[in-house]
Amino acid sequence: MRPCYHSFPHRQTLDAEPDERNSQGLTAFHIALMAGHVDIMKHFFEEYPTKDSDHRKIYAPPSNQPLLSMAIVSGEPEAVQLIIENKLVSKAEIREAWQTLPKIPPTSMQGNRPGKSKNFPKPEQIRNVLMHFGGIDPDEESVEPESTPSLTPAELEESSTNSSIAPKT
């Protein structure tokens, strides 16, 4: 039996299998996610738990766009939080999104819902969700793993002359 999503406030009827994809490779869940339709997302999570391997196809992102990107562009902090809480996003993906978030203009985070006001974008709330779930300290300049600092040529030469290891002859 095909589910019918006509009981939701937006009054659209979708007569499709939950894992059915459109020509862009999107399921009804992805469309709800990008539009910030949190009620529909919650319905999917209740009816098709992410823990169940039979439901992986519903949530698997299209090859060209990660779920977290879709959620951020929706402009709905709760959409971002829901996909993180339902373990559809790794901590590494959260930290990567944190790095790119300042590059996403706030006007891109308005979602696709008609009637959104110009004040709807909530980039600060989305940043807070990413900080909370990603364990990100906003005072850090970078959340990338620490690496060995690069040495200048002079420092490199100095370190090689002070080395305690003698070259082989």
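Which residue forms a salt bridge with Glu78, and how far apart are the closest N and O atoms?

1. The partner is Lys42, and the closest N and O atoms of this salt bridge with Glu78 lie 3.0 Å apart. The model under review is predicted, and the distances and accessibilities in this note are to be read accordingly. A search of the whole structure finds two salt bridges.

2. As to the placement of this pair, Glu78 belongs to helix H5 (residues 77–85) and Lys42 to helix H2 (residues 38–47), so the contact ties together parts that are 36 residues apart in sequence. Glu78 is partly exposed, its relative accessible area being 33%. Lys42 is likewise partly exposed, with a value of 32%.

3. A salt bridge also joins the side chains of Lys122 and Glu76, with an N to O distance of 3.9 Å. This pair links distant parts of the chain, 46 residues apart: Lys122 sits in the loop between helix H6 (91–100) and helix H7 (123–134), while Glu76 sits in the loop between helix H4 (67–74) and H5. The distance deserves attention in view of the criterion, because a salt bridge requires the side-chain nitrogen to be within 4 Å of a carboxyl oxygen.

4. Are Lys122 and Glu76 buried or partly exposed? Lys122 counts as partly exposed, at 25% relative accessibility. Glu76, in contrast, is buried, with a relative accessible area of 10%. The two labels follow from the cut-off, because buried means under 20% relative accessible area.

5. Helix H5, which contains Glu78, also carries a set of buried residues: Pro77, Ala79, Val80, Leu82, Ile83 and Ile84. The buried residues of H5 pack against helix H1 (28–35) and against H2, H4, H6 and H7. H2, the helix of Lys42, is therefore one of the packing partners of H5 as well as its partner through the salt bridge. For the spacing of such positions, an α-helix has 3.6 residues a turn, so residues three or four places apart point the same way.

6. The backbone just after H5 merits inspection: Lys87 there takes a positive phi of about 55°.

7. A further acidic residue, Glu93, lies in helix H6 and is partly exposed, with a relative accessible area of 35%. Leaving aside residues up to four places away in sequence, Glu93 touches Leu68 and Leu88. The C-alpha atoms of Glu93 and Leu130 are separated by 9.9 Å, the two residues being 37 residues apart along the chain.

Notes: Residues numbered from 1 in each chain as written. Predicted model: local features only at pLDDT ≥ 70, side-chain atom pairs only at ≥ 80, totals over all residues. Heavy atoms only, no water. Helix = DSSP H or I, 4+ residues; strand = E, 2+ residues; numbered from the N terminus. Buried < 20%, exposed > 50% of the residue type's maximum accessible area, 1.4 Å probe, protein only. Contact = heavy atoms within 4.5 Å.
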